[in-house]
Amino acid sequence: MEIIEVIKDEEVEISILKSIPLGFVKANQIFPIKQNDSELIGAIADDKGLLALAEVSRVLGLKPRPLKATAGVIIDAINRFYGQMGSAEDVMDTITGEDLSSVATEFEAPKDLLELTEEAPIIRLLNALLLQAVKERASDIHIEPYEKELEVRLRIDGILHKVLTPPKIIQEALISRIKIMSNLDIAEKRLPQDGRIRLLLGGRDIDIRVSIIPTYHGERAVLRLLDRKQGILGLWEVGFSKDDEIRLEEHLRRPDGIILVTGPTGSGKTTTLYAAINRIHTEEKNIITVEDPIEYQLKGIGQMQVNPRIGLTFASGLRSILRQDPDVIMVGEIRDHETAEIAMQASLTGHLVLSTLHTNDAPGALVRLIDMGIEPFLVASSLTLVLAQRLVRTICLYCKVSYEPTDVERKYLARVDGKGGGGSLLLYRGKGCDKCKGKGYLGRTGIFELLVIDNEIRPMITERMDSQNIKNSAVSRGMKTLRQDGIEKVISGITTLEEVLRVTQKDYADISI
(Lines give C-alpha, C1' and ligand atoms only; values in the text may rest on other atoms or scores of the structure.)
Protein backbone atom coordinates (compact mmCIF):
# COMPACT_ATOMS: atom_id res chain seq x y z
CA MET A 1 0.00 0.00 0.00
CA GLU A 2 1.30 3.46 -0.94
CA ILE A 3 2.08 5.62 2.12
CA ILE A 4 1.21 9.35 2.09
CA GLU A 5 2.33 11.99 4.62
CA VAL A 6 -0.07 14.78 3.67
CA ILE A 7 -3.44 15.18 1.93
CA LYS A 8 -3.13 18.17 -0.43
CA ASP A 9 -6.02 20.61 -0.86
CA GLU A 10 -5.92 20.58 -4.66
CA GLU A 11 -6.30 16.76 -4.82
CA VAL A 12 -9.55 16.55 -2.82
CA GLU A 13 -12.95 16.36 -4.55
CA ILE A 14 -15.41 17.96 -2.12
CA SER A 15 -18.39 16.64 -4.17
CA ILE A 16 -17.54 13.09 -3.00
CA LEU A 17 -17.32 14.15 0.67
CA LYS A 18 -20.83 15.65 0.53
CA SER A 19 -22.31 12.16 0.06
CA ILE A 20 -20.42 10.62 3.03
CA PRO A 21 -21.44 11.54 6.62
CA LEU A 22 -18.85 13.16 8.91
CA GLY A 23 -19.61 10.67 11.73
CA PHE A 24 -18.80 7.71 9.44
CA VAL A 25 -15.39 8.97 8.28
CA LYS A 26 -14.37 10.00 11.83
CA ALA A 27 -15.44 6.70 13.41
CA ASN A 28 -13.59 4.63 10.78
CA GLN A 29 -10.63 7.01 10.30
CA ILE A 30 -10.90 7.15 6.52
CA PHE A 31 -10.76 10.10 4.13
CA PRO A 32 -12.10 9.66 0.56
CA ILE A 33 -9.84 11.86 -1.59
CA LYS A 34 -11.04 11.61 -5.21
CA GLN A 35 -12.46 9.46 -7.99
CA ASN A 36 -9.98 8.32 -10.64
CA ASP A 37 -11.79 6.57 -13.52
CA SER A 38 -13.59 3.66 -11.82
CA GLU A 39 -11.55 3.86 -8.58
CA LEU A 40 -12.22 5.66 -5.30
CA ILE A 41 -8.88 6.82 -3.88
CA GLY A 42 -8.99 7.21 -0.10
CA ALA A 43 -6.64 7.46 2.89
CA ILE A 44 -7.00 4.87 5.68
CA ALA A 45 -5.30 4.46 9.06
CA ASP A 46 -5.91 0.72 9.75
CA ASP A 47 -7.80 -2.46 8.71
CA LYS A 48 -11.10 -1.04 10.00
CA GLY A 49 -10.67 1.86 7.59
CA LEU A 50 -9.95 -0.59 4.75
CA LEU A 51 -13.34 -2.25 5.26
CA ALA A 52 -15.09 1.13 5.54
CA LEU A 53 -13.48 2.40 2.29
CA ALA A 54 -14.56 -0.81 0.54
CA GLU A 55 -18.15 -0.27 1.75
CA VAL A 56 -18.21 3.39 0.57
CA SER A 57 -16.77 2.35 -2.82
CA ARG A 58 -19.44 -0.35 -3.19
CA VAL A 59 -22.24 2.15 -2.49
CA LEU A 60 -20.78 4.60 -5.05
CA GLY A 61 -20.24 1.80 -7.62
CA LEU A 62 -16.45 2.17 -7.60
CA LYS A 63 -13.40 0.03 -6.73
CA PRO A 64 -11.45 1.00 -3.58
CA ARG A 65 -7.83 2.15 -3.88
CA PRO A 66 -6.50 2.67 -0.32
CA LEU A 67 -3.51 4.84 0.63
CA LYS A 68 -1.91 4.44 4.05
CA ALA A 69 -1.76 7.54 6.30
CA THR A 70 -1.45 8.26 10.01
CA ALA A 71 -4.58 8.94 12.07
CA GLY A 72 -3.35 12.54 12.61
CA VAL A 73 -3.14 13.24 8.85
CA ILE A 74 -6.66 11.85 8.33
CA ILE A 75 -8.23 13.78 11.25
CA ASP A 76 -6.53 17.00 10.07
CA ALA A 77 -8.00 16.52 6.55
CA ILE A 78 -11.47 15.75 7.97
CA ASN A 79 -11.41 18.94 10.08
CA ARG A 80 -10.15 21.02 7.15
CA PHE A 81 -12.55 19.85 4.47
CA TYR A 82 -15.71 19.05 6.38
CA GLY A 83 -15.37 22.51 7.98
CA GLN A 84 -15.54 24.06 4.49
CA MET A 85 -18.84 22.36 3.74
CA GLY A 86 -22.25 23.45 4.88
CA SER A 87 -22.08 27.20 5.39
CA ALA A 88 -24.95 28.81 7.25
CA GLU A 89 -26.36 29.97 3.90
CA ASP A 90 -26.37 26.40 2.52
CA VAL A 91 -28.14 25.11 5.65
CA MET A 92 -30.67 27.94 5.37
CA ASP A 93 -31.40 26.86 1.78
CA THR A 94 -32.00 23.26 2.84
CA ILE A 95 -34.41 24.17 5.65
CA THR A 96 -37.71 23.81 3.83
CA GLY A 97 -40.76 26.04 4.16
CA GLU A 98 -42.43 23.24 6.11
CA ASP A 99 -39.61 23.21 8.66
CA LEU A 100 -39.88 26.98 9.11
CA SER A 101 -43.64 26.94 9.54
CA SER A 102 -43.38 24.13 12.12
CA VAL A 103 -40.81 26.22 14.00
CA ALA A 104 -43.23 29.17 13.97
CA THR A 105 -46.40 27.29 14.96
CA GLU A 106 -44.85 25.05 17.61
CA PHE A 107 -43.19 28.07 19.17
CA GLU A 108 -46.57 29.53 20.06
CA ALA A 109 -46.90 26.99 22.89
CA PRO A 110 -44.51 27.99 25.74
CA LYS A 111 -44.29 24.41 27.05
CA ASP A 112 -42.72 23.30 23.77
CA LEU A 113 -39.90 25.85 23.98
CA LEU A 114 -37.20 23.48 25.21
CA GLU A 115 -38.31 20.78 22.79
CA LEU A 116 -38.41 23.21 19.90
CA THR A 117 -34.79 24.36 20.27
CA GLU A 118 -33.70 20.71 20.01
CA GLU A 119 -35.35 20.48 16.55
CA ALA A 120 -32.89 19.67 13.76
CA PRO A 121 -33.29 22.83 11.59
CA ILE A 122 -32.34 25.27 14.38
CA ILE A 123 -29.48 23.10 15.66
CA ARG A 124 -28.11 22.66 12.13
CA LEU A 125 -28.34 26.38 11.41
CA LEU A 126 -26.53 27.46 14.60
CA ASN A 127 -23.85 24.75 14.21
CA ALA A 128 -23.24 25.80 10.60
CA LEU A 129 -23.03 29.45 11.68
CA LEU A 130 -20.45 28.66 14.39
CA LEU A 131 -18.41 26.53 11.97
CA GLN A 132 -18.48 29.26 9.33
CA ALA A 133 -17.37 31.87 11.88
CA VAL A 134 -14.39 29.73 12.96
CA LYS A 135 -13.48 28.90 9.34
CA GLU A 136 -13.50 32.59 8.35
CA ARG A 137 -11.50 33.64 11.48
CA ALA A 138 -14.38 35.77 12.81
CA SER A 139 -13.99 37.31 16.27
CA ASP A 140 -17.74 37.97 16.79
CA ILE A 141 -21.13 36.77 15.55
CA HIS A 142 -23.95 39.37 15.65
CA ILE A 143 -27.56 38.15 15.52
CA GLU A 144 -29.70 41.28 15.10
CA PRO A 145 -33.52 41.40 14.95
CA TYR A 146 -35.37 44.04 12.93
CA GLU A 147 -39.04 44.64 12.20
CA LYS A 148 -39.43 42.17 9.32
CA GLU A 149 -36.18 40.23 9.24
CA LEU A 150 -33.25 38.82 11.18
CA GLU A 151 -29.69 39.74 10.20
CA VAL A 152 -26.51 37.76 10.95
CA ARG A 153 -23.13 39.48 10.64
CA LEU A 154 -19.56 38.27 11.29
CA ARG A 155 -16.72 40.55 12.42
CA ILE A 156 -13.66 39.49 10.44
CA ASP A 157 -10.38 41.39 10.93
CA GLY A 158 -12.29 44.13 12.74
CA ILE A 159 -14.89 44.74 9.98
CA LEU A 160 -18.52 43.50 10.09
CA HIS A 161 -19.83 41.52 7.08
CA LYS A 162 -23.43 40.40 6.52
CA VAL A 163 -23.55 36.63 5.92
CA LEU A 164 -27.19 35.66 6.35
CA THR A 165 -30.74 37.04 6.50
CA PRO A 166 -32.88 34.22 8.01
CA PRO A 167 -36.70 34.55 8.19
CA LYS A 168 -38.05 36.48 11.18
CA ILE A 169 -40.08 33.43 12.35
CA ILE A 170 -36.98 31.52 13.53
CA GLN A 171 -35.69 34.44 15.64
CA GLU A 172 -36.95 33.30 19.06
CA ALA A 173 -36.05 29.65 18.46
CA LEU A 174 -32.47 30.59 17.45
CA ILE A 175 -31.97 32.87 20.48
CA SER A 176 -33.45 30.18 22.78
CA ARG A 177 -31.03 27.60 21.35
CA ILE A 178 -28.12 29.95 22.14
CA LYS A 179 -29.47 30.44 25.69
CA ILE A 180 -29.70 26.68 26.28
CA MET A 181 -26.11 26.15 25.06
CA SER A 182 -24.84 28.93 27.36
CA ASN A 183 -26.93 27.87 30.42
CA LEU A 184 -29.06 31.03 30.47
CA ASP A 185 -32.70 31.48 31.50
CA ILE A 186 -34.76 30.89 28.33
CA ALA A 187 -37.89 32.35 29.95
CA GLU A 188 -36.24 35.71 30.79
CA LYS A 189 -36.61 38.07 27.83
CA ARG A 190 -36.76 41.46 29.52
CA LEU A 191 -33.27 41.64 31.06
CA PRO A 192 -29.76 41.39 29.55
CA GLN A 193 -27.98 38.06 30.14
CA ASP A 194 -24.34 36.94 29.80
CA GLY A 195 -23.09 33.38 29.47
CA ARG A 196 -20.38 31.12 28.04
CA ILE A 197 -20.23 28.19 25.65
CA ARG A 198 -17.24 25.89 25.25
CA LEU A 199 -17.17 23.86 22.04
CA LEU A 200 -14.93 21.65 19.94
CA LEU A 201 -15.30 22.94 16.37
CA GLY A 202 -13.29 21.29 13.59
CA GLY A 203 -10.79 19.95 16.12
CA ARG A 204 -10.31 23.42 17.71
CA ASP A 205 -11.19 24.24 21.31
CA ILE A 206 -13.35 27.38 21.10
CA ASP A 207 -14.51 29.47 24.06
CA ILE A 208 -17.59 31.59 23.24
CA ARG A 209 -18.75 34.56 25.35
CA VAL A 210 -22.47 35.20 24.89
CA SER A 211 -24.23 38.52 25.46
CA ILE A 212 -28.01 38.82 24.97
CA ILE A 213 -29.90 42.09 25.36
CA PRO A 214 -33.59 42.97 24.83
CA THR A 215 -34.33 45.38 21.95
CA TYR A 216 -37.53 46.83 20.48
CA HIS A 217 -37.80 44.04 17.87
CA GLY A 218 -36.71 41.15 20.11
CA GLU A 219 -33.56 39.86 21.75
CA ARG A 220 -30.20 40.62 20.17
CA ALA A 221 -27.25 38.23 20.65
CA VAL A 222 -23.50 38.79 20.22
CA LEU A 223 -21.14 35.80 20.46
CA ARG A 224 -17.41 36.55 20.98
CA LEU A 225 -15.20 33.65 19.82
CA LEU A 226 -11.86 32.91 21.50
CA ASP A 227 -9.65 30.18 20.06
CA ARG A 228 -8.01 28.55 23.10
CA LYS A 229 -5.58 26.62 20.86
CA GLN A 230 -4.23 29.80 19.27
CA GLY A 231 -2.08 30.38 22.33
CA ILE A 232 -0.27 33.53 23.45
CA LEU A 233 1.53 35.59 20.81
CA GLY A 234 5.11 36.77 21.17
CA LEU A 235 5.86 40.52 21.18
CA TRP A 236 7.24 40.28 17.61
CA GLU A 237 4.02 38.57 16.44
CA VAL A 238 1.87 41.36 17.90
CA GLY A 239 3.56 43.79 15.46
CA PHE A 240 6.26 45.65 17.43
CA SER A 241 9.24 46.99 15.51
CA LYS A 242 12.62 45.84 16.85
CA ASP A 243 13.32 49.23 18.51
CA ASP A 244 9.91 49.37 20.22
CA GLU A 245 10.24 45.75 21.37
CA ILE A 246 13.63 46.48 22.99
CA ARG A 247 12.26 49.63 24.68
CA LEU A 248 9.21 47.80 26.03
CA GLU A 249 11.33 44.91 27.28
CA GLU A 250 13.58 47.33 29.21
CA HIS A 251 10.53 48.54 31.15
CA LEU A 252 9.16 45.01 31.64
CA ARG A 253 12.45 44.02 33.34
CA ARG A 254 12.04 46.78 35.95
CA PRO A 255 11.00 45.64 39.46
CA ASP A 256 8.35 48.36 39.89
CA GLY A 257 6.30 51.00 38.12
CA ILE A 258 3.15 51.00 35.98
CA ILE A 259 2.96 50.13 32.28
CA LEU A 260 -0.35 51.18 30.69
CA VAL A 261 -1.73 49.95 27.35
CA THR A 262 -4.38 52.26 25.88
CA GLY A 263 -6.77 52.15 22.95
CA PRO A 264 -10.45 51.64 22.12
CA THR A 265 -12.33 48.36 22.67
CA GLY A 266 -11.11 45.60 20.35
CA SER A 267 -7.70 47.17 19.63
CA GLY A 268 -5.73 44.19 20.99
CA LYS A 269 -4.74 45.63 24.41
CA THR A 270 -5.24 42.36 26.33
CA THR A 271 -3.31 40.37 23.68
CA THR A 272 -0.37 42.76 24.10
CA LEU A 273 -0.49 42.41 27.91
CA TYR A 274 -0.51 38.60 27.62
CA ALA A 275 2.48 38.77 25.23
CA ALA A 276 4.31 41.04 27.71
CA ILE A 277 3.61 38.73 30.67
CA ASN A 278 4.69 35.73 28.62
CA ARG A 279 8.01 37.43 27.90
CA ILE A 280 8.89 38.04 31.59
CA HIS A 281 7.33 34.89 33.09
CA THR A 282 9.91 32.75 34.92
CA GLU A 283 9.86 30.35 37.88
CA GLU A 284 11.41 33.06 40.07
CA LYS A 285 8.51 35.50 39.60
CA ASN A 286 5.05 35.39 41.16
CA ILE A 287 2.65 36.84 38.57
CA ILE A 288 -1.04 37.32 39.43
CA THR A 289 -3.80 38.80 37.26
CA VAL A 290 -7.31 40.12 37.91
CA GLU A 291 -9.36 40.06 34.69
CA ASP A 292 -12.87 40.45 33.32
CA PRO A 293 -13.11 37.92 31.76
CA ILE A 294 -10.09 35.57 31.69
CA GLU A 295 -9.55 35.30 27.93
CA TYR A 296 -6.63 32.86 27.81
CA GLN A 297 -5.39 30.57 30.58
CA LEU A 298 -1.70 31.02 31.28
CA LYS A 299 0.31 28.18 32.79
CA GLY A 300 2.11 29.05 36.02
CA ILE A 301 0.24 32.36 36.51
CA GLY A 302 -2.53 33.01 39.06
CA GLN A 303 -5.61 34.42 37.31
CA MET A 304 -8.62 35.87 39.15
CA GLN A 305 -11.97 36.53 37.48
CA VAL A 306 -13.91 39.68 38.44
CA ASN A 307 -17.47 39.01 39.70
CA PRO A 308 -19.27 42.27 40.63
CA ARG A 309 -22.45 40.39 41.67
CA ILE A 310 -20.67 39.04 44.75
CA GLY A 311 -18.60 42.19 45.33
CA LEU A 312 -15.39 40.99 43.61
CA THR A 313 -14.42 44.10 41.62
CA PHE A 314 -11.06 45.11 40.13
CA ALA A 315 -10.38 47.22 43.25
CA SER A 316 -11.22 44.49 45.82
CA GLY A 317 -9.42 41.85 43.73
CA LEU A 318 -6.35 44.05 43.51
CA ARG A 319 -6.33 44.57 47.30
CA SER A 320 -6.41 40.79 47.83
CA ILE A 321 -3.65 40.18 45.29
CA LEU A 322 -1.32 42.48 47.23
CA ARG A 323 -1.50 40.02 50.15
CA GLN A 324 -0.35 37.17 47.85
CA ASP A 325 3.29 38.36 47.69
CA PRO A 326 3.26 39.18 43.96
CA ASP A 327 6.18 40.44 41.85
CA VAL A 328 4.07 41.35 38.81
CA ILE A 329 0.37 42.28 38.80
CA MET A 330 -1.85 42.56 35.75
CA VAL A 331 -5.14 44.46 36.16
CA GLY A 332 -7.53 43.89 33.24
CA GLU A 333 -8.69 47.51 33.17
CA ILE A 334 -8.46 50.66 35.28
CA ARG A 335 -12.09 51.82 35.35
CA ASP A 336 -12.36 54.02 38.43
CA HIS A 337 -10.51 56.16 40.98
CA GLU A 338 -10.25 53.35 43.56
CA THR A 339 -8.63 50.84 41.18
CA ALA A 340 -6.26 53.51 39.81
CA GLU A 341 -5.16 54.59 43.30
CA ILE A 342 -4.49 51.02 44.52
CA ALA A 343 -2.51 50.30 41.31
CA MET A 344 -0.41 53.45 41.88
CA GLN A 345 0.27 52.54 45.52
CA ALA A 346 1.20 48.96 44.49
CA SER A 347 3.74 50.24 41.97
CA LEU A 348 5.32 52.52 44.61
CA THR A 349 5.70 49.61 47.04
CA GLY A 350 7.87 47.53 44.72
CA HIS A 351 5.47 45.83 42.28
CA LEU A 352 5.42 45.96 38.50
CA VAL A 353 1.81 46.70 37.47
CA LEU A 354 0.43 46.21 33.93
CA SER A 355 -3.02 47.46 33.00
CA THR A 356 -5.23 48.96 30.26
CA LEU A 357 -7.10 52.24 29.90
CA HIS A 358 -9.50 53.59 27.26
CA THR A 359 -7.93 56.69 25.66
CA ASN A 360 -7.21 57.72 22.06
CA ASP A 361 -3.44 58.14 22.38
CA ALA A 362 -0.62 57.66 24.89
CA PRO A 363 -0.44 61.24 26.33
CA GLY A 364 -4.24 61.16 26.81
CA ALA A 365 -3.78 58.43 29.46
CA LEU A 366 -1.94 60.86 31.76
CA VAL A 367 -4.76 63.42 31.62
CA ARG A 368 -7.37 60.65 32.04
CA LEU A 369 -5.76 59.43 35.30
CA ILE A 370 -5.70 62.99 36.69
CA ASP A 371 -9.38 63.39 35.66
CA MET A 372 -10.13 60.25 37.67
CA GLY A 373 -8.93 62.08 40.77
CA ILE A 374 -5.36 60.74 41.03
CA GLU A 375 -2.87 63.35 42.26
CA PRO A 376 -0.52 64.48 39.44
CA PHE A 377 2.61 63.81 41.55
CA LEU A 378 1.41 60.20 42.07
CA VAL A 379 0.92 59.71 38.30
CA ALA A 380 4.35 61.22 37.57
CA SER A 381 6.19 59.08 40.14
CA SER A 382 4.52 55.71 39.46
CA LEU A 383 3.97 55.63 35.66
CA THR A 384 6.96 54.46 33.59
CA LEU A 385 5.55 53.73 30.12
CA VAL A 386 2.30 54.33 28.22
CA LEU A 387 1.66 52.33 25.08
CA ALA A 388 -1.18 53.28 22.70
CA GLN A 389 -2.18 50.85 19.97
CA ARG A 390 -4.59 50.09 17.11
CA LEU A 391 -5.08 47.07 14.87
CA VAL A 392 -4.71 47.37 11.09
CA ARG A 393 -5.57 44.72 8.51
CA THR A 394 -2.53 43.22 6.76
CA ILE A 395 -2.32 42.82 2.98
CA CYS A 396 -3.22 39.30 1.77
CA LEU A 397 0.06 37.53 0.86
CA TYR A 398 -1.71 35.40 -1.78
CA CYS A 399 -2.77 38.34 -3.98
CA LYS A 400 -0.30 41.08 -2.97
CA VAL A 401 0.77 43.38 -5.84
CA SER A 402 2.93 46.49 -6.00
CA TYR A 403 1.90 49.83 -7.50
CA GLU A 404 3.31 53.31 -8.04
CA PRO A 405 1.94 55.72 -5.41
CA THR A 406 -0.02 58.75 -6.62
CA ASP A 407 1.39 62.28 -6.23
CA VAL A 408 -0.96 62.91 -3.30
CA GLU A 409 0.23 59.73 -1.55
CA ARG A 410 3.88 60.64 -2.17
CA LYS A 411 3.42 64.11 -0.67
CA TYR A 412 1.63 62.70 2.36
CA LEU A 413 4.29 60.02 2.98
CA ALA A 414 7.06 62.58 2.59
CA ARG A 415 5.37 64.90 5.11
CA VAL A 416 4.56 62.25 7.75
CA ASP A 417 7.55 59.93 7.44
CA GLY A 418 10.14 61.89 5.45
CA LYS A 419 9.86 59.26 2.65
CA GLY A 420 7.95 59.18 -0.61
CA GLY A 421 9.64 62.06 -2.43
CA GLY A 422 11.90 59.81 -4.54
CA GLY A 423 10.86 58.03 -7.74
CA SER A 424 11.68 54.44 -6.72
CA LEU A 425 9.11 54.01 -3.92
CA LEU A 426 6.57 51.22 -4.41
CA LEU A 427 3.48 50.60 -2.26
CA TYR A 428 1.45 47.39 -2.03
CA ARG A 429 -2.18 46.28 -1.94
CA GLY A 430 -4.20 43.08 -2.31
CA LYS A 431 -6.06 42.42 -5.59
CA GLY A 432 -8.57 40.12 -3.87
CA CYS A 433 -8.58 36.31 -4.11
CA ASP A 434 -10.32 33.19 -2.74
CA LYS A 435 -8.13 33.15 0.37
CA CYS A 436 -9.14 36.67 1.46
CA LYS A 437 -12.69 36.41 0.00
CA GLY A 438 -11.91 39.22 -2.45
CA LYS A 439 -11.11 41.76 0.29
CA GLY A 440 -7.35 42.10 -0.33
CA TYR A 441 -6.63 41.80 3.42
CA LEU A 442 -5.90 38.71 5.51
CA GLY A 443 -5.10 38.94 9.24
CA ARG A 444 -4.21 41.94 11.41
CA THR A 445 -1.19 43.48 13.08
CA GLY A 446 -0.66 46.28 15.60
CA ILE A 447 0.57 49.85 15.21
CA PHE A 448 2.01 51.44 18.35
CA GLU A 449 2.89 54.70 20.10
CA LEU A 450 5.34 54.35 23.03
CA LEU A 451 5.50 57.26 25.49
CA VAL A 452 8.34 56.85 27.99
CA ILE A 453 7.71 58.84 31.21
CA ASP A 454 11.13 60.43 31.65
CA ASN A 455 12.51 63.47 33.48
CA GLU A 456 11.20 65.79 30.73
CA ILE A 457 7.61 64.49 30.92
CA ARG A 458 7.27 64.22 34.75
CA PRO A 459 7.32 68.01 35.45
CA MET A 460 4.72 68.47 32.68
CA ILE A 461 2.42 65.99 34.46
CA THR A 462 2.79 67.67 37.87
CA GLU A 463 2.07 71.04 36.25
CA ARG A 464 -1.14 69.52 34.73
CA MET A 465 -0.19 70.36 31.15
CA ASP A 466 -2.62 69.19 28.44
CA SER A 467 -2.00 66.05 26.39
CA GLN A 468 -1.14 67.97 23.19
CA ASN A 469 1.79 69.78 24.86
CA ILE A 470 3.04 66.48 26.31
CA LYS A 471 2.72 64.84 22.89
CA ASN A 472 4.59 67.66 21.12
CA SER A 473 7.44 67.40 23.64
CA ALA A 474 7.68 63.61 23.24
CA VAL A 475 7.55 63.76 19.40
CA SER A 476 10.27 66.45 19.34
CA ARG A 477 12.49 63.96 21.23
CA GLY A 478 11.85 61.02 18.92
CA MET A 479 8.50 59.43 19.90
CA LYS A 480 6.78 57.75 16.94
CA THR A 481 3.05 58.49 16.76
CA LEU A 482 0.49 55.82 15.87
CA ARG A 483 0.24 57.20 12.34
CA GLN A 484 4.02 57.32 11.84
CA ASP A 485 4.36 53.70 12.96
CA GLY A 486 1.52 52.81 10.58
CA ILE A 487 3.20 54.64 7.68
CA GLU A 488 6.41 52.64 8.32
CA LYS A 489 4.33 49.46 7.95
CA VAL A 490 2.80 50.85 4.71
CA ILE A 491 6.28 51.48 3.25
CA SER A 492 7.37 47.98 4.40
CA GLY A 493 4.45 46.47 2.45
CA ILE A 494 2.62 45.12 5.53
CA THR A 495 -0.56 47.20 5.23
CA THR A 496 -2.08 49.99 3.10
CA LEU A 497 -2.31 53.74 3.54
CA GLU A 498 -6.14 53.57 3.48
CA GLU A 499 -6.08 51.13 6.39
CA VAL A 500 -3.71 53.23 8.55
CA LEU A 501 -5.78 56.38 7.94
CA ARG A 502 -8.98 54.46 8.74
CA VAL A 503 -7.83 53.42 12.23
CA THR A 504 -6.03 56.67 13.05
CA GLN A 505 -9.25 58.64 12.44
CA LYS A 506 -8.33 60.50 9.25
CA ASP A 507 -10.32 60.13 6.04
CA TYR A 508 -8.39 58.87 2.99
CA ALA A 509 -9.99 61.65 0.90
CA ASP A 510 -8.36 64.24 3.18
CA ILE A 511 -4.73 63.07 3.01
CA SER A 512 -3.72 66.15 1.05
CA ILE A 513 -4.81 68.38 3.95
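## A pair of rings

In this predicted model, there is 1 aromatic pair to look for. Its members are Phe240 and Phe448, with ring centres 3.9 Å apart and planes at 15 degrees. Planes under 30 degrees apart count as stacked, so this pair is a stacked one.

The two partners come from distant parts of the chain, 208 residues apart. Phe240 belongs to the loop between helix 10 (235–238) and helix 11 (242–252), while Phe448 is part of strand 18 (residues 441–452). Are these two rings buried or exposed? Phe240 is buried, and Phe448 is too.

## Charges over rings

Two tyrosines have a charged side chain over the ring. Look at Tyr428 and you'll find Lys400 over its face, at 5.0 Å from the ring centre. Then turn to Tyr403: here the charged end of Arg429 sits over the ring, 3.8 Å from its centre.

## A sheet of three strands

Now for a sheet. It is open and built from 3 strands in the order 1-2-3, with mixed pairing. Strand 1 (30–36) and strand 3 (63–68) are the edge strands, each pairing on one side only. On average, and ignoring direction, neighbouring strands are turned by 25 degrees against each other.

What makes the pairing mixed? Strand 1 and strand 2 (residues 39–44) run antiparallel and are joined by 6 bridges. Strand 2 and strand 3 are also joined by 6 bridges, but they run parallel. To find your way along the strands, you can start from a residue on each side: Asn36 has Glu39 in strand 2 as its bridge partner, and Leu40 stands opposite Pro64 in strand 3. As a general rule, side chains in a regular strand alternate between the two faces of the sheet.

## The helix across the sheet

Which helix goes with these strands? Helix 3 (residues 47–60) lies across strand 1, strand 2 and strand 3. Its direction is at about 155 degrees to strand 2. Together with strand 2 and strand 3, helix 3 makes a β-α-β unit, and the unit is right-handed.

## An enclosed helix

Helix 9 (residues 171–181) is worth a visit as well. Of its 11 residues, 9 are buried, so the helix is largely enclosed by the rest of the structure. The buried ones include some charged names you might not expect to see on such a list: among them are Arg177 and Lys179. Leu174, Ile175, Ile178 and Met181 are also buried, and so are Gln171, Ala173 and Ser176.

After helix 9 comes Asn183, which has a positive phi, near 55 degrees.

## Two more positive phi angles

Most residues other than glycine have a negative phi. Against that background, Asp157 and Arg464 make a nice pair to set side by side. Asp157 isn't a glycine, yet its phi is positive, at about 50 degrees. You'll find Asp157 in the loop between strand 5 (150–156) and strand 6 (159–164). Arg464 isn't a glycine either, and its phi is positive at about 55 degrees. Its place is the loop between helix 18 (457–462) and helix 19 (467–476).

Which of these two loop residues is buried, and which is exposed? Asp157 has a relative accessible area of 10%, and buried means under 20%, so Asp157 is buried. Arg464 has 54% relative accessibility, and the cut-off for exposed is over 50%, so Arg464 counts as exposed.

Methods
Residues numbered from 1 in each chain as written. Predicted model: local features only at pLDDT ≥ 70, side-chain atom pairs only at ≥ 80, totals over all residues. Heavy atoms only, no water. Phe/Tyr/Trp six-rings, centres within 6.5 Å; stacked < 30°, edge-to-face > 60°. Helix = DSSP H or I, 4+ residues; strand = E, 2+ residues; numbered from the N terminus. Buried < 20%, exposed > 50% of the residue type's maximum accessible area, 1.4 Å probe, protein only. Lys NZ or Arg CZ within 6 Å of the ring centre and 35° of its normal. Pairing = 2+ DSSP bridges. Axes fitted to C-alpha atoms, helices over the stretch in contact; angles between N-to-C directions. Contact = heavy atoms within 4.5 Å. Right-handed = clockwise from strand over helix to strand, strands pointing away.
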